[in-house]
Amino acid sequence: MTTADSILAEITGMLVEIVGDEFLLSDEVTMQTTFNEDLALESIEFVALAESLHERYGAGVDLMGFLAEKDMDAILAMSVGELVTHIGRVAHAGAAAATSTSTSTSTASNTAG
């Protein structure tokens, strides 16, 4: 499973939890699924999704900040795939920063010893 596939699966799980499985079956969510037209997410559901994403991925994945960068038409047309890509970028940047920090810490420890 690729990173995008695993992120899609996690977001789908969150959406099923938020919306309720009687309204949303997990196999209905794809990268092309739109939040507004296909899922008809209410603003309160977006807030719940933002909280779930924050719990799972940390403060770096700021859904409200991500949405704030878009105009209303872009928000209404946003697909699950756009969010998956955003999370992948943030997670990759966070992993790269963590690797860089641990490498420099390890180098400093080796130099000091």
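Reader: Which residue lies over the face of Y57, and how far is it from the ring centre?

Author: R56 does, at 4.6 Å from the ring centre of Y57. Keep in mind that this is a predicted model.

Reader: OK. What about ring pairs, how many aromatic pairs turn up in the whole structure?

Author: The search finds 1. F35 and F46 make up that pair, with 5.4 Å centre to centre and 45 degrees between the planes, so by the definition of 30 to 60 degrees it counts as tilted.

Reader: Where do F35 and F46 sit?

Author: F35 is in the loop between α1 (3-19) and α2 (43-57), while F46 is in helix α2. The two are 11 residues apart, and the pair links distant parts of the chain.

Reader: Are those two rings buried or exposed?

Author: F35 and F46 are both buried.

Reader: Let me back up. What's the overall fold pattern along the sequence?

Author: It reads α-α-α-α-α. That's 5 helices and 0 strands.

Reader: And how much of the protein is buried?

Author: Buried residues are 31% of the 113 residues. On the outside, the protein exposes about 6,900 Å², with carbon and sulfur atoms supplying 56% of that area.

Reader: What share of the contacts comes from residues 24 or more positions apart?

Author: 60%, taken among contacts with a separation of 6 or more.

Reader: Back to that loop between α1 and α2. Is T34, which is found there, buried or exposed?

Author: T34 is buried, because its relative accessible area of 15% falls under the 20% cut-off.

Reader: What does T34 touch?

Author: Leaving out residues up to four places away in sequence, T34 touches L39, A77, M78 and S79. The T34 side chain also reaches the backbone nitrogen of E37, at 3.4 Å.

Reader: Anything with an odd backbone in that loop? What's phi of A40 like?

Author: Phi of A40 is near 50 degrees, a positive value in a residue other than glycine. A40 is found in the loop between α1 and α2.

Reader: Why does A40 count as partly exposed?

Author: A40 has 46% relative accessibility, which lies between the 20% and 50% cut-offs, so it counts as partly exposed.

Reader: Switching to α1. How many residues does it have, and how far does it reach?

Author: α1 has 17 residues and reaches 24 Å from its first C-alpha to its last. That span is close to the 24 Å expected at 1.5 Å a residue.

Reader: Which residues of α1 are buried?

Author: I7, L8, I11, T12, M14, L15, V16 and V19. Just after the helix, G20 takes a positive phi of about 100 degrees.

Reader: What about A9, also found in helix α1, is it buried or partly exposed?

Author: A9 is partly exposed, with a relative accessible area of 41%. In space, A9 and V84 are 9.7 Å apart, C-alpha to C-alpha, although 75 residues separate them in sequence.

Reader: Last one: which residues does S52 touch, not counting those up to four places away in sequence?

Author: S52 touches M14 and I18. S52 is found in helix α2, and M14 is one of the buried residues in α1.

Reader: And why is S52 counted as buried?

Author: S52 comes in at 19% relative accessibility, and buried means under 20%, so S52 counts as buried.

Notes. Residues numbered from 1 in each chain as written. Predicted model: local features only at pLDDT ≥ 70, side-chain atom pairs only at ≥ 80, totals over all residues. Heavy atoms only, no water. Helix = DSSP H or I, 4+ residues; strand = E, 2+ residues; numbered from the N terminus. Buried < 20%, exposed > 50% of the residue type's maximum accessible area, 1.4 Å probe, protein only. Contact = heavy atoms within 4.5 Å. Areas by Shrake-Rupley, 256 points an atom, 1.4 Å probe, with all protein chains shown as cover. Phe/Tyr/Trp six-rings, centres within 6.5 Å; stacked < 30°, edge-to-face > 60°. Lys NZ or Arg CZ within 6 Å of the ring centre and 35° of its normal. Polar contact = N/O pair within 3.5 Å; in protein donor to acceptor, adjacent residues only side chain to side chain. Expected span 1.5 Å × (residues − 1).
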